[in-house]
Amino acid sequence: MVDLKDRVIQGYIKSLVGEDGLKMIEGMPEGEVTDEQIAEKTGILLNTVRRALFILYQNKLTVCRRERDSNSGWLTYLWHLDFSGIEQQLSREKRRLTRNLNTRLDFEENNLFYVCPQGCVRLLFDEATETEFLCPMCGEDLTHYDNSNFVNVLKKRIESLNTT
Ligand SMILES: [Zn+2]
């Protein structure tokens, strides 16, 4: 069974199904259950349960089995969690995030930024030369923006992604 206390796993699940979805997973009864049973057991709205189950299903984290009642002919959908592929999904997700962060880092490191002291805009050097280093919104003198703090945050984030 997957460790739902793990922060990386929690974060990933939350990014898929939100806080309520995570709560649903934590409170889900063992074995095959219907959406109504899950809603009843966890106290989460049926619509929220259905939405979360569907998203998890698309991401191959739930399995669904249909059963037809021989008397009424009605179909019942039975669900259970299957987190066997989550480690693989997580490493794919980490690679995707790392790639995006590296793209952003390149952009931040290879550009000069200018900002309006009133907080209206942040412009690239080329854009700032076009407005003669004046804010296009309010006319204030633009000042050079030191993004080194943000660059450090990005670097730390990339580092932590690759050590967990
Ligand atoms: Zn301005």
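**Strands, cores and odd phi angles**

In this predicted model, β1 and strand β2 (residues 75–81) run antiparallel and are joined by seven bridges.

Q: What makes β1 and β2 count as paired strands?
A: A pair needs at least two bridges between the strands. β1 and β2 have seven, so they pass as a pair. One place to look is T62, whose bridge partner in β2 is L81. Between the strands of this hairpin sit six residues, and G73 takes a positive phi near 80° there.

Q: How do you know that β3 pairs with β4?
A: Use the cut-off of at least two bridges again. Strand β3 (residues 113–115) is joined to β4 by three bridges, so the two pair, and they run antiparallel. In β4, R122 is the bridge partner of V115.

Q: Why are β4 and β5 called edges of their sheet?
A: The open sheet has three strands in the order β4-β3-β5, with antiparallel pairing. β4 (122–124) and β5 each have a single partner strand, so one side of each is left without a neighbour in the sheet. From one strand to the next, the twist averages 40°.

Q: Why is K60 called partly exposed?
A: Buried takes 20 or more other C-beta atoms within 10 Å, and exposed takes 12 or fewer. K60 has 14, so it lands in between and is partly exposed. You'll find K60 in the loop between α3 and β1 (62–68). Its phi is near 60°, a positive value in a residue other than glycine.

Q: What makes E132 exposed?
A: The limit for exposed is 12 or fewer C-beta neighbours within 10 Å. E132 has 8, so exposed is the right word. E132 belongs to the loop between α5 (125–130) and β5 (143–145). E132 also shows a positive phi, near 55°, and is a residue other than glycine.

Q: What makes I38 part of a nonpolar core?
A: Members must be buried, come from a set of residue types that includes Ile, and be joined through C-beta atoms within 7 Å. I38 is listed among the 12 residues of the largest nonpolar core, along with M24, M28 and V49. Leaving aside neighbours within four places in sequence, the contacts of I38 are M24, M28, V33 and V49. Apart from this core lies another, of six residues, including Y114, A128, C135 and L142.

Technical notes
Residues numbered from 1 in each chain as written. Predicted model: local features only at pLDDT ≥ 70, side-chain atom pairs only at ≥ 80, totals over all residues. Contact = placed C-beta atoms within 7 Å. Helix = DSSP H or I, 4+ residues; strand = E, 2+ residues; numbered from the N terminus. Axes fitted to C-alpha atoms, helices over the stretch in contact; angles between N-to-C directions.
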